[in-house]
Amino acid sequence: MSFNAHQRTSQYVVSEGDREKAEFMNNKKKDFDMLTSSVLMEQQKHLLASLHFKAVYDRLLFIPSICLTLVSGILAILLAQPGMYDERTQTVFTIWIAV
């Protein structure tokens, strides 16, 4: 980099013409950029992980629990009708609903 091109950079202007200060500020900016990119990569990893676990939660926990609740509700409605099932069958259904 030539001296004239170096004079135009903001680090050189802020460092008041001192090359050592300008180089230090340039290194400081590079370190900050590296830290910022590292933070952004970690944020992206966390975003992708949260999307993955949300999808797993929906498929493995949420949908089956809805189905079990639906079946339990239907069985409870069927058991509420008097005289449709004998006492042993009602007991088995009641235990199954409770579990």
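Colleague: Hi! Where is the kink in H3 centred?

Modeller: The kink is centred on Asp58, and the bend there is about 40°. Here the bend at a residue is the angle between axes fitted to the seven residues ending there and the seven starting there.

Colleague: Before I go on, what kind of model is this?

Modeller: This is a predicted model, where local features need pLDDT of at least 70 and side-chain atom pairs count only at pLDDT 80 or more, while totals for chains, interfaces and linings use all residues. Residues are numbered from 1 along each chain as its sequence is written, and side-chain values use heavy atoms, leaving out hydrogens and water.

Colleague: Thanks! How many helices and strands does the chain have?

Modeller: The chain has four helices and zero strands, so the order from the N terminus is α-α-α-α. Helices (H or I, at least four residues) and strands (E, at least two) are DSSP runs, numbered from the N terminus.

Colleague: Back to H3, then. How far does H3 reach from its first C-alpha to its last?

Modeller: H3 has 62 residues and spans 88 Å, close to the 92 Å expected at 1.5 Å a residue. That expected span is 1.5 Å times one less than the number of residues.

Colleague: And which residues of H3 are buried?

Modeller: Those are Ala22, Ser72, Leu75 and Leu79. Buried means under 20% relative accessible area, exposed means over 50%, and partly exposed is in between (1.4 Å probe, protein chains only). Over the whole chain of 99 residues, 8% are buried.

Colleague: New topic: how many salt bridges are there?

Modeller: The count is two, taking a salt bridge as a side-chain nitrogen of Lys or Arg within 4 Å of a carboxyl oxygen of Asp or Glu. One joins Asp33 and Lys29, at 3.1 Å from N to O. The other joins Lys45 and Glu42, at 3.4 Å from N to O.

Colleague: Why can side chains like that pair?

Modeller: Side chains of opposite charge can pair when their charged atoms come close. Asp33 and Lys29 are four residues apart in helix H3, so about one helical turn separates them. Lys45 and Glu42 are three residues apart in H3, which again means about one helical turn.

Colleague: Is Asp33 buried, partly exposed or exposed?

Modeller: Asp33 is partly exposed, at 38% relative accessibility. Lys29 is partly exposed too, at 44%, and Glu42 is partly exposed at 37%.

Colleague: Which residues form the nonpolar patch on the surface?

Modeller: Tyr57, Leu60, Leu61, Phe62, Ile63 and Ile66 form the patch, with about 610 Å² of accessible area together. Patches take residues with over 30% relative accessible area and no salt bridge, joining like charges within 9 Å and nonpolar side chains (Val, Leu, Ile, Met, Phe, Trp, Tyr) within 5 Å. Accessible areas come from the Shrake-Rupley method with a 1.4 Å probe, and for residues only the protein chains shown count as cover. Tyr57 sits in helix H3 and is partly exposed, at 44%.

Colleague: Last one: where is Thr91?

Modeller: Thr91 is in helix H4, residues 87-98. Thr91 lies twelve residues from Leu79 in sequence and 9.4 Å from Leu79 in space, C-alpha to C-alpha.
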